[in-house]
Amino acid sequence: KLLWKHAVGPAWSSVIVVGERLFTQEQRGEIEALTCYAAADGKQLWAYETRDRFEEALGGVGPRATPAFADGRVYALGARGRLDCVDAASGKLVWSVDALKENEGRLPIWGYSNSPVVVDGQVIVFLGGEKNKALVAYDAATGKRAWTVPVGIESYASPQVLTLHGVKQVLYMGDTKLVSVLPESGKIL
């Protein structure tokens, strides 16, 4: 039974459900928005907006990644490489970094579509480019870069956390290789 319906701006982002809240990313004209809706009725609770617009002919307009939630915060990677950390209750910005610029990445033809993963106090995203700073971890609390690992120039995959043989690790499929790293240090396993 349909309980409610609410239109959102164009995007390829999925929705995450955390308690009684729904979080997603959407495009609103020239604005890329990280949004929060009430699960009960679809009412918008807040929107964090940046003046980022991504558009390409085949995929259309909007962000491509799904936000991540951890410890009362929402982390979102925009289609143009901005990584934002927002307070999940209020929508207020905690920190933001132009991760594409900071890591000398290369904007993929279809925009950044990898969703952040948060593990052991690190927010991990793929940024690519020729400077060997492709897989990057930021301190989840401060937004300071913690480590980088070369995994290729361009990819649209999201990092995955799993435990193999008792070792928690992050797997990433780049365009040149599959890499496994320790989340706290980026050490390649």
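User: Happy to be looking at this with you! In which strand is E32 found?
Analyst: A good place to start, and do keep in mind that this is a predicted model. The strand that holds E32 spans residues 31–38. Its name is β3.

User: What is the nearest side chain of opposite charge to E32, and how far away is it?
Analyst: E32 is buried, yet it has no salt bridge. A salt bridge needs the charged atoms to be within 4 Å. The nearest side chain of opposite charge lies beyond that cut-off. That side chain is R82, 6.8 Å away.

User: Which residue is the bridge partner of R82 in β10?
Analyst: R82 belongs to β9 (82–87), while β10 covers 93–98. These two strands run antiparallel and are joined by five bridges. In β10, R82 is paired with D98.

User: Which residue in the turn between β8 and β9 has a positive phi?
Analyst: β8 and β9 run antiparallel, with five bridges joining them. One pair places A76 opposite D84 in β9. The two strands form a hairpin with four residues between them, and the turn residue with a positive phi, about 95°, is G81.

User: Which residues have the most contacts inside the largest nonpolar core?
Analyst: The largest nonpolar core has 16 residues. Elements that each supply at least two of its residues include β8, β9 and β10, and also α1 (99–102), β12 (122–126) and β13 (135–139). A second, separate core of 14 residues includes I124, F126, W147 and V149. Back in the largest core, the residues with the most contacts are Y75, L83, W95 and Y138.

User: Is T66 buried or exposed?
Analyst: Let's place T66 before judging it: this residue is found in the loop between β6 (60–61) and β7 (68–70). Beyond its neighbours within four places in sequence, T66 is in contact with S13, S14, I16, Q25, S115 and P116. Its relative accessible area is 15%, and the cut-off is under 20%, so T66 counts as buried.

User: Which residue's backbone nitrogen does the side chain of T66 reach?
Analyst: S14 is among the residues in contact with T66. The side chain of T66 comes to 2.9 Å from a backbone nitrogen, and that nitrogen belongs to S14.

User: How far apart in space are Q160 and V118?
Analyst: Q160 lies in strand β15 (residues 160–164) and is partly exposed, with a relative accessible area of 46%. A polar atom of the Q160 side chain is 3.2 Å from the backbone oxygen of S158. Q160 and V118 are 42 residues apart in sequence, and from C-alpha to C-alpha the distance is 9.8 Å.

Key: Residues numbered from 1 in each chain as written. Predicted model: local features only at pLDDT ≥ 70, side-chain atom pairs only at ≥ 80, totals over all residues. Heavy atoms only, no water. Buried < 20%, exposed > 50% of the residue type's maximum accessible area, 1.4 Å probe, protein only. Polar contact = N/O pair within 3.5 Å; in protein donor to acceptor, adjacent residues only side chain to side chain. Contact = heavy atoms within 4.5 Å. Core = buried A, V, L, I, M, F, W, Y, C linked by side-chain atoms within 4.5 Å. Lys, Arg positive; Asp, Glu negative; His and termini not counted. Pairing = 2+ DSSP bridges.
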